Amino acid sequence: MKQTSWREIMITRIIQTCGYSAILFVVAIFIFLFKEGTPTLFEVPFSSLFNERWYPIEGYYGILPLVGGSLLVTLGAGLISIPLGLGTAIFIAEIAPRWAREILKPMVEVLGALPSVMLGFFGIIVITPLVREWLNLPTGLTAFTGSMLLGGMAIPTIVSIAEDALDTVPFTYRQAALAMGATRWQTIWRVTLPAARSGVLTAIMLGIGRAIGETMTVMMVTGNAALLPSGLGALFRPARTMTATIAAEMGEVANGSTHYHVLFFIGMVLFLISLIVNLLAAAVIFRENGHAERVLS
Amino acid sequence: MKSRRLLTLLHASLTILSMLLLTGCQPAASGADPVTRELEIENKGSDTIVNLALAWAERYQEIAPEIRISVTGGGSGTGIAALINGTVDIANASRQIKPEEFEAALANGIEPIEHVIARDAIAIVVHRENPVDELTLQQISDIFSGVITNWQQIGGEDRPIVRLSRETNSGTHIYFLEEVLRMGEEDNQTLFSPATLLLPSSEGISAEIRQNPNAIGYDGLGYVTEDMKVIAVAVDDSSPYIMPNSTTVLNNTYPIARDLYMYTAGVPSDEIADYLNWILSEDAQFIVSELGFVPVSP
């Protein structure tokens, strides 16, 4: 009896440590980013930091094209992966017969295990020429090409998590809806999907998170030209993302130089964008949960 | 970051490979000379030079099996930064060390010493079906700075120009900026057009040149393959247009040619000096011409 309780305490402690260390790591990473990134604000005047020219070896540190490039590629990836991912999840969870589900879901998840370098290589060799020829563009190395590949990478995440969420909606909900005379589509759209909303939103956020943080694939296929995006037409021009910039340039900079600090500043901006996206999602989920509980109790 | 991890992996596998080679040669070597010691030379830097440096390291292994040379790429800037930080013995660079880098090294107690190890021409490449054959330096500068935007303006088809360049950490990029875009003029502030695609590897440039008839790019002569078209270059429109090859580079008629360098930290130790001397030997310089570069000493 005594031993059991001692064990209990140990296990509790270990789990506690794991939980706290996750928070600790995030805080430590942020402090490091902050320490290396904030000198930028003293070294580079505001007007040239928020400028449209990025050419660091000559002292042009305008980060706007990079922020714009990342948002553009991520937006494109979202436009591709959210409808496709949710559609696949709904099909697997609600429409496909049980046996098909057992095959489809693992297959989609294997897609998510493809290394991003391979996808990038596939993008350069296969997708890029097709994009250029089909859309009649000057070059196939565009933000759109990156979006397509990133969308493809985000789909497995979205499908897997959204399908799990749809699967946990009690079967009685669907029976009740059908009994009220709702069609199958009405049941899916008005009952099952709203009931699984928080899981579905998490799925989308994780998918988008993967897209905005992805580096290798975008570096290989987006062309990396630091052009400030102006409207949706920019999707079909080359773009340079924040992640690709950090990856391409970090190896070369001298420790402690202005360029080094600016690269960390870009890391901070990326971190903040991810944080805002996550907080927004959390806020939506909390509000929806309260709403759903009131309705269902 | 992932690309660096890739490099580390490459580095690790090369080290393993050289260890395997070593154990293969070991019996003969230790039989002949029982006091053989293993010495490691760290060699890092320019991606232009990396294949050449690897070929040299492999060949040198046969001549001096007790010396292990590990070669990694990453760009000239990366190699020089490593030399300044004291983590490599030899830095490869496709450009000369910058004054601020030299001073940073001195501040760290390291005096970089320059060795010219080969010459290289920068070839201007386009798609095979591009009708344009020759350009002047001024035209190339105007293309890459964004003044000329359509092939029609320089005697080609009515197509937009897509400019391809290496990333800014490449010595080739900086050389091209200073010697071609700015035509070697100190006070010239011309920049690459923001629409220039910065590709992370020579292979990225080759892949795009092969399939895109709008593209123009530049790369070391050693990277040019049969399926690309090389443009003849003239200093100005009254000079002859010259194709890059070992003859035109050696007699200095091809205008975009440069020396390739290795930098050592201070006066090299005996082993490193032996290696650098061997690099200038006929045997090693033959490898230079085999890989498409130009030997420094005939």
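## Close-ups of two cavities and an interface

**View 1. The second largest cavity, lined by chain A.** Ser70(A), Val73(A), Thr74(A), Leu150(A), Ala211(A), Ile212(A), Glu214(A), Val218(A), Thr241(A) and Thr243(A) make up the lining of the second largest cavity in this predicted model. Two elements of chain A, helix 4 (64–95) and helix 10 (197–213), each put two or more residues into that lining. Helix 4 of chain A chips in the most, with 3 residues. By class, the lining splits into 5 nonpolar, 4 polar and 1 charged, and the volume comes to about 40 Å³.

**View 2. The largest cavity, with lining residues from chains A and B.** Here we're looking at a volume of about 110 Å³, in a structure that holds 2 cavities of 30 Å³ or more. Of the 14 residues in the lining, Arg53(A), Trp54(A), Tyr55(A), Ala226(A) and Leu198(B) sit nearest the centre. The lining is a mix of 7 nonpolar, 4 polar and 3 charged residues.

**View 3. Where chain A meets chain B.** The contact draws on 31 residues of chain A and 33 of chain B. Together the chains bury about 2,700 Å², with 60% of that on carbon and sulfur atoms. On the chain A side, Arg53(A), Tyr55(A) and Glu252(A) give up the most area to chain B, together 19% of what that side buries.

**View 4. A salt bridge across the interface.** Glu58(A) and Arg182(B) pair up through their side chains, at 3.1 Å from N to O. Across this interface there are 2 salt bridges, and 10 residue pairs are in polar contact.

Technical notes
Residues numbered from 1 in each chain as written. Chains lettered and ligands numbered in written order. Predicted model: local features only at pLDDT ≥ 70, side-chain atom pairs only at ≥ 80, totals over all residues. Heavy atoms only, no water. 1 Å grid on protein atoms, 1.4 Å probe; cavity = no way out; pocket = protein on both sides within 12 Å on 5 of 7 lines; lining within 4 Å. Points joined across faces, edges and corners; volume = space filled by probe spheres on them. Nonpolar A, V, L, I, M, F, W, Y, C, P; charged D, E, K, R; others polar. Helix = DSSP H or I, 4+ residues; strand = E, 2+ residues; numbered from the N terminus. Contact = heavy atoms within 4.5 Å. Buried area = accessible area lost by both parts, 1.4 Å probe. Salt bridge = Lys/Arg side-chain N within 4 Å of Asp/Glu carboxyl O. Polar contact = N/O pair within 3.5 Å; in protein donor to acceptor, adjacent residues only side chain to side chain.
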